[in-house]
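Please look through the sequence and the model shown here before reading on. The report that follows takes up charged pairs, then the sheet, then the cores, and ends with a single side chain.

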Amino acid sequence: MKNIIVGTGLFARKIAEIFENNRFKIDLFVNISQYGKSLPTTLRGIPVVPIENIPLSVFEKNNWIIAKKPMFIESAIDFLRKKEAKNIYVINEEIFFEHDLT
């Protein structure tokens, strides 16, 4: 089972760092909405893939860690559920305001 972070922003990268510092491997970053932006091919040495390039079989077999702004969390959950993802975890960006993560 792979650990996939949904998000590619600063918050997603920080969450990946925290996970890796605690011996949890992050296998992939996924971007749900590009809005015309070009994506890097890797972040922190981890591949970045647009969501539309993910095979359907990947959705139900892996851990999906949503690390997006609060206003986008619900739409990310809905999208993953429609793709029949089973293991969806949400890390709310508001923890940046509650804890010093630097």
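## Asp27 and its partner

Asp27 has a relative accessible area of 19% in this predicted model, and because the cut-off for a buried residue is under 20%, Asp27 counts as buried. The side chain of Asp27 meets that of Lys25 in a salt bridge, with 3.1 Å from N to O. Lys25, by contrast, is exposed, with a relative accessible area of 59%, so this salt bridge joins a buried residue to an exposed one.

## The other salt bridges

How many salt bridges does a search of the whole structure find? The search finds three, and the pair of Asp27 and Lys25 is one of them. As a general background, side chains of opposite charge can pair when their charged atoms come close.

Another salt bridge links Glu17 with Lys14, whose closest N and O atoms are 3.6 Å apart. Both residues belong to helix α1 (residues 10–21), and because they are three residues apart there, about one helical turn separates them. Glu17 is partly exposed, at a relative accessible area of 26%, while Lys14 counts as buried at 17%.

In a further salt bridge, the side chains of Arg44 and Glu20 meet at 2.8 Å, N to O. Arg44 lies in the loop between β3 (42–43) and β4 (46–50), whereas Glu20 lies in helix α1, so this pair ties together parts of the chain that are 24 residues apart in sequence. Arg44 counts as partly exposed at 42% relative accessibility, and Glu20 also counts as partly exposed, at 27%.

## The sheet

Six strands form an open sheet with mixed pairing, and their order across the sheet is β3-β4-β2-β1-β5-β6. Which strands stand at the edges? These are β3 and β6 (87–90), and because each has a single partner strand, one side of each is left without a neighbour in the sheet.

Within this order, strand β1 (residues 3–6) runs parallel to β2 and is joined to it by three bridges, and Val6 stands opposite Val30 in β2. Between these two strands the chain passes through α1, and the resulting β-α-β crossover is right-handed. Strand β2 also pairs in the parallel sense with β4, again over three bridges, and here Asn31 has Pro50 in β4 as its bridge partner. Towards the other edge, β5 and β6 pair in the parallel sense over four bridges, with Val90 in β6 as the bridge partner of Ile66.

The side chains of strand β2 (residues 28–31) can be sorted by direction: Leu28 and Val30 point one way, while Phe29 and Asn31 point the other way, and all of these residues are buried.

## The nonpolar cores

In soluble globular proteins, nonpolar side chains tend to be buried together. In this model the largest nonpolar core has 15 residues, and those with the most contacts inside it are Val30, Ile54, Phe59, Trp64, Ile66 and Leu80. The elements that give two or more residues to this core are β1, β2, β5 and α3 (70–82), and the largest share, four residues, comes from α3.

Ile66 offers a view of the surroundings of one core residue, since residues up to four places away in sequence are set aside and Ile66 still touches Val6, Ile73, Ala76, Ile77, Leu80, Ile88, Tyr89, Val90 and Ile91. A second core, separate from the largest, has 13 residues, including Ile26, Leu43, Ile46 and Ala67.

## Asn62, a buried polar side chain

Asn62 lies in the loop between α2 (56–61) and β5 (63–66). Is this residue buried or exposed? Asn62 is buried, with a relative accessible area of 9%.

What lies at short range from the polar atoms of its side chain? The backbone nitrogen of Lys2 lies 2.7 Å from a polar atom of the Asn62 side chain, and the backbone oxygen of Val58 lies 2.8 Å from a polar atom of that side chain. If residues up to four places away in sequence are not counted, Asn62 touches Met1, Lys2, Ile4 and Asn87.

Methods
Residues are numbered from 1 along each chain as its sequence is written. This is a predicted model: local features need pLDDT of at least 70, side-chain atom pairs count only at pLDDT 80 or more; totals for chains, interfaces and linings use all residues. Side-chain values use heavy atoms; hydrogens and water are left out. Buried means under 20% relative accessible area, exposed over 50%, partly exposed in between (1.4 Å probe, protein chains only). A polar contact is a pair of N or O atoms within 3.5 Å; within protein, one must be able to donate a hydrogen and the other to accept it, and residues adjacent in sequence count only if both atoms are side-chain atoms. Contact means heavy atoms within 4.5 Å. A salt bridge is a side-chain nitrogen of Lys or Arg within 4 Å of a carboxyl oxygen of Asp or Glu. Two strands pair if DSSP finds at least two bridges between them. A crossover is right-handed if, with the strands pointing away from the viewer, the path from the first strand over the helix to the second runs clockwise. A nonpolar core is a set of buried Ala, Val, Leu, Ile, Met, Phe, Trp, Tyr and Cys residues joined through side-chain atoms within 4.5 Å.
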